Amino acid sequence: MTQPFAARTVTCPACGGPSRYAPDNPWRPFCSERCKQLDLGAWASERFRVPDPTPPDPGELSDGRLPS
Ligand SMILES: [Zn+2]
């Protein structure tokens, strides 16, 4: 059942479009670098929450650009 790494088309996890899953696609299983970065961003902010021992200090947020 072991097959060599063959090029095939998969669904890009980020945009849902076709992605070339092949050694010449460094972003696989994503279709592009952009999609890979997008997914990594979502990962970091939502799915892959690591406990942060240093919560932001409220004092550091006083830059006048606080969201209402
Ligand atoms: Zn994509």
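# Close-ups of a small zinc site

Read from start to end, the chain follows the pattern β-β-α. That comes down to 1 helix and 2 strands. Keep in mind that this is a predicted model.

**View 1. The whole chain, before we zoom in.** The chain has 68 residues, and buried ones make up 13% of them. How do the contacts spread along the sequence? Take the contacts between residues at least 6 apart in sequence: 0% of these join residues at least 24 apart. If you go hunting for paired aromatic rings, you'll come back with 0 aromatic pairs.

**View 2. Four cysteines hold the zinc ion.** Which atoms coordinate the zinc ion? They are the SG atoms of Cys12, Cys15, Cys31 and Cys35, at 2.3 Å. The 4 donor atoms make angles of 105 to 115° among themselves, and the site is tetrahedral. Along the sequence, the donor residues follow the spacing C-x2-C-x15-C-x3-C. UniProt, in an unreviewed entry, puts the feature "binding site" at Cys12, Cys15, Cys31 and Cys35. These four span 24 residues in sequence, but no two of their C-alpha atoms are more than 8.3 Å apart, so they gather at one spot.

**View 3. Cys12, a buried zinc ligand.** Start with the loop between β1 (8-11) and β2 (18-21), where you'll find Cys12. Is Cys12 buried or exposed? Its relative accessibility is 1%, so Cys12 counts as buried. Who are its neighbours in space? Setting aside residues up to four places away in sequence, Cys12 touches Gly17, Ser19, Pro29, Phe30, Cys31 and Cys35. Two of the names on that list, Cys31 and Cys35, also coordinate the zinc ion.

**View 4. Cys15, on the same loop.** Cys15 also sits in the loop between β1 and β2. With a relative accessible area of 48%, Cys15 is partly exposed, whereas Cys12 is buried. Once residues up to four places away in sequence are left out, Cys15 touches Cys31 and Cys35. Both of those partners are zinc donors too.

**View 5. Cys35, the zinc ligand on the helix.** Now hop over to helix α1, the home of Cys35. The relative accessibility of Cys35 is 7%, so this residue counts as buried. How far apart are the C-alpha atoms of Cys35 and Cys15? The two residues are 20 apart along the chain, and their C-alpha atoms are separated by 6.8 Å. Ignoring neighbours within four places in sequence, Cys35 is in contact with Cys12, Ala14, Cys15 and Phe30.

**View 6. A cis peptide bond between Arg28 and Pro29.** Here's a detail worth pausing on: a cis peptide bond joins Arg28 and Pro29, with omega at about 5°. Arg28 is in the loop between β2 and α1 (33-47), and Pro29 lies in the loop between β2 and α1 as well. Arg28 has a relative accessible area of 30%, which means it is partly exposed. From Arg28 to Thr11 you'd walk 17 residues in sequence, while in space their C-alpha atoms are 9.9 Å apart. As for Pro29, it is among the residues that Cys12 touches.

**View 7. Trp27, just before the cis bond.** Trp27 lies in the loop between β2 and α1. Its relative accessibility is 30%, so Trp27 counts as partly exposed. What does Trp27 touch? Not counting residues up to four places away in sequence, Trp27 touches Ser32, Glu33 and Lys36. For a sense of distance, Trp27 and Cys12 are 15 residues apart along the chain, and 9.8 Å separates their C-alpha atoms.

**View 8. Ala22 and its partner across the sequence.** Ala22 is another resident of the loop between β2 and α1. Its relative accessibility is 1%, so Ala22 counts as buried. Where is Ala7 relative to Ala22? The pair is 15 residues apart in sequence but 4.3 Å apart in space, C-alpha to C-alpha.

**View 9. A charge over a ring.** For the last stop, look at Arg8 and Tyr21. Arg8 lies over the face of Tyr21, at 5.1 Å from the ring centre. In the strand numbering, β1 covers 8-11 and β2 covers 18-21.

Notes:
Residues numbered from 1 in each chain as written. Predicted model: local features only at pLDDT ≥ 70, side-chain atom pairs only at ≥ 80, totals over all residues. Heavy atoms only, no water. Phe/Tyr/Trp six-rings, centres within 6.5 Å; stacked < 30°, edge-to-face > 60°. Lys NZ or Arg CZ within 6 Å of the ring centre and 35° of its normal. Donors = N, O, S within 2.8 Å, 3.2 Å for Na, K, Ca; no water. Tetrahedral: all angles 85-135°; square planar, octahedral: opposite > 155°, others 65-115°. Buried < 20%, exposed > 50% of the residue type's maximum accessible area, 1.4 Å probe, protein only. UniProt positions renumbered as here; feature names shortened; annotations may be inferred. Helix = DSSP H or I, 4+ residues; strand = E, 2+ residues; numbered from the N terminus. Contact = heavy atoms within 4.5 Å.
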